[in-house]
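Okay, thanks everyone, I'll keep this short. Have a look at the sequence and the model while I bring them up, and then I'll talk through the core and a couple of backbone oddities.

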Amino acid sequence: MWDIIKNIKQEKCPNCHAGEVFKTKGNVLLFKTPEMKPRCSNCGYSFEKEPGYFTGAMYVSYALIIAEMIIAFILFSFTPISLDYLIYLVLLPVILLWPFNFRMSRIIWMNLI
């Protein structure tokens, strides 16, 4: 169990726990998406097992986004701002953390399946 959590945190291969999964991390300010390697450089494990394999990662990404929005709502709800601005502040972490969500959802999905 702890190995899985460690792999998710370090973004390592779910098979050998040593190889990197992503070539690039992505950057929201430069509009660069994270880029995955097709195979593990250490053990040769194929990260995409079949077409549509990462469709399930969308559900994981949705759960991450909802958790981030709830945390942002709780943090910003104590400030004296209008509801319109509160909605924008709750959406801000989703926009800024999309490369993180993309990477984490795929890593979590690979370690679950």
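**The core, then two odd loop residues**

So, the largest nonpolar core here has 16 residues, and the ones with the most contacts inside it are Val21, Met36, Phe47, Phe54, Ile107 and Met110. Two helices, α2 (57-76) and α4 (98-112), each supply at least two residues of this core. The largest share comes from α4, with 4 residues. And yes, before anyone asks, this is a predicted model.

Let's stay with Met110 for a second. What is Met110 in contact with, once you leave aside its neighbours within four places in sequence? The list is Pro14, Val21, Met36, Phe47, Tyr53 and Phe54. Val21, Met36, Phe47 and Phe54 should sound familiar: they're among the residues with the most contacts inside the core, as is Met110.

Now the backbone. Glu11 isn't a glycine, yet its phi is positive, about 55°. You'll find Glu11 in the loop between α1 (2-10) and β1 (22-24). Is Glu11 buried or exposed? Its relative accessible area is 4%, and the cut-off for buried is under 20%, so Glu11 counts as buried.

His17 is the other one I wanted to flag. It sits in the loop between α1 and β1, and it has a positive phi of about 65°, again without being a glycine. For His17 the relative accessible area comes out at 40%, so this residue is partly exposed.

So, one loop to look at on your own screens: Glu11 is buried, whereas His17 is partly exposed. That's me done, over to you.

Technical notes:
Residues numbered from 1 in each chain as written. Predicted model: local features only at pLDDT ≥ 70, side-chain atom pairs only at ≥ 80, totals over all residues. Heavy atoms only, no water. Core = buried A, V, L, I, M, F, W, Y, C linked by side-chain atoms within 4.5 Å. Buried < 20%, exposed > 50% of the residue type's maximum accessible area, 1.4 Å probe, protein only. Contact = heavy atoms within 4.5 Å.
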